[in-house]
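Welcome! Please take a moment with the sequence and the 3D view below, and then we will walk through a few places together.

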Amino acid sequence: MAGKEYYLMHKNVRVCLMEIDEGGRLSRIRINQAEKEHVPLGGQMNSTKFHEWWRDRAIPKTRHGAQTALQRLGYPSAGSALVNNLALSLSDCYWIMPRGTDLSWEDVNLYANDFVDSFGEITINRDYRIDLRKATRFDCAASQGELQKKWCIDADGRRYMIKGNYGQSYQQSLNEVFASSLHRQQGFLNHAEYTLADVRIDGDQEGLGCLCYDFCSEGAECISAWELLQTVKLRSNESYYYPLKEVCLSLGMKEADFTAFMDYQIMTDFLISNTDRHMNNIAVMRDPDTLEIRGFAPIYDSGNSMFYNVSFQSGKDIWKTDYLRRHP
Ligand SMILES: Nc1ncnc2c1ncn2[C@@H]1O[C@H](COP(=O)(O)OP(=O)(O)OP(=O)(O)O)[C@@H](O)[C@H]1O
Ligand SMILES: [Mg+2]
């Protein structure tokens, strides 16, 4: 079935016109050459990359709880949830506008308009009762990551994200808080500050998650290192470090700033045995109006560390075997 026409918007800039079907599949992308600098960096190289950028915008199918959330909200796929929520996010300023509707960024953006992230609520607590009285135009924000998460609005209107944990332990949330404390005590300011949060989890029971305020806004969006790397040709088996450095410097970052941030991040990841600093867990900040790169995003997502996936018992066994090997 032919799709409907949408503009890909960057705030109020019409970046391109494209067709999107109900499942979120793209076709017939026509870039507005007058605004081509606003094409998402990840999609600038060619049409395949553009499709990949779009596909990566949907909530991953593999997100814990995503299938239940899609089903309960009546979405046939993550792509359809993306389209129905105009592909809005709280990490950047892209969205889609159905052709002929004449909506503006001010009408829809999640930084300023109310939303209830029912999708996120259900990923954390599959027994969450959807309160129809609170229904808003948007019930899902585009975001990456495997862990259950929801976006909320506090009493002062500030946006924050709550993250859950794998399995029964709350270690990932505790690790985020520990990592924040480590950075704070080092006097390193460019980190996301996680605190513990009471959450309702599956079975409507009390549980523990972690909370972090949005480090993006209408004046500052983040772009992942993975997206930046889509602007250059990568050699197979090559470390991403140098290509990432090349891209960051070409976008105006100072070499000393790149090195200082990466050295600090690599050192602290090593200390907390973080096993998850992949290219979607590093990002830079950009001014969405001037497109100027402002430096690295705060260090975030440090929860998969400190042997979070080793049970207490098997941890003890590993330590014991190691001790006996060294002290025969
Ligand atoms: N405080 C924040 N403000 C703005 N965007 C954020 C914030 N925290 C996370 N994000 C965005 O949401 C994405 C997912 O968050 P995060 O990496 O913490 O989740 P995750 O499920 O633990 O990821 P992973 O699959 O890498 O373990 C990030 O890659 C980032 O783009
Ligand atoms: Mg992540």
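Which residues does isoleucine 29 touch, leaving aside those up to four places away in sequence? They are Cys16, Met18, Ser47 and Phe50. Keep in mind as you look that this is a predicted model.

Isoleucine 29 itself sits in strand 3, which covers residues 26-31. Is isoleucine 29 buried or exposed? It falls in between: isoleucine 29 is partly exposed because 18 other C-beta atoms lie within 10 Å, while a buried residue would need 20 or more. Its C-alpha atom is separated by 12 Å from that of lysine 4, and the two residues are 25 apart along the chain.

Next, have a look at helix 6, which runs over residues 171-185. With 15 residues at 1.5 Å a residue, helix 6 should span 21 Å, and its end C-alpha atoms are indeed 21 Å apart, so the two values agree. The buried residues of helix 6 include Gln171, Asn175, Val177, Ala179 and His183. Among the elements that cover the buried residues of helix 6 are these:

| Element | Residues |
|---|---|
| Strand 6 | 159-163 |
| Strand 7 | 194-201 |
| Strand 8 | 205-213 |
| Helix 9 | 255-271 |

After helix 6 comes glycine 187, with a positive phi near 75 degrees.

Finally, turn to ligand 1. Around ligand 1 there are 21 residues, and Ser91, Gly145, Glu146, Leu147 and Asp301 come nearest. Sorted by class, the shell around ligand 1 holds nine nonpolar, seven polar and five charged residues.

Key
Residues numbered from 1 in each chain as written. Chains lettered and ligands numbered in written order. Predicted model: local features only at pLDDT ≥ 70, side-chain atom pairs only at ≥ 80, totals over all residues. Near = placed C-beta within 6 Å. Nonpolar A, V, L, I, M, F, W, Y, C, P; charged D, E, K, R; others polar. Helix = DSSP H or I, 4+ residues; strand = E, 2+ residues; numbered from the N terminus. Buried ≥ 20, exposed ≤ 12 C-beta atoms within 10 Å, placed from the backbone. Contact = placed C-beta atoms within 7 Å. Expected span 1.5 Å × (residues − 1).
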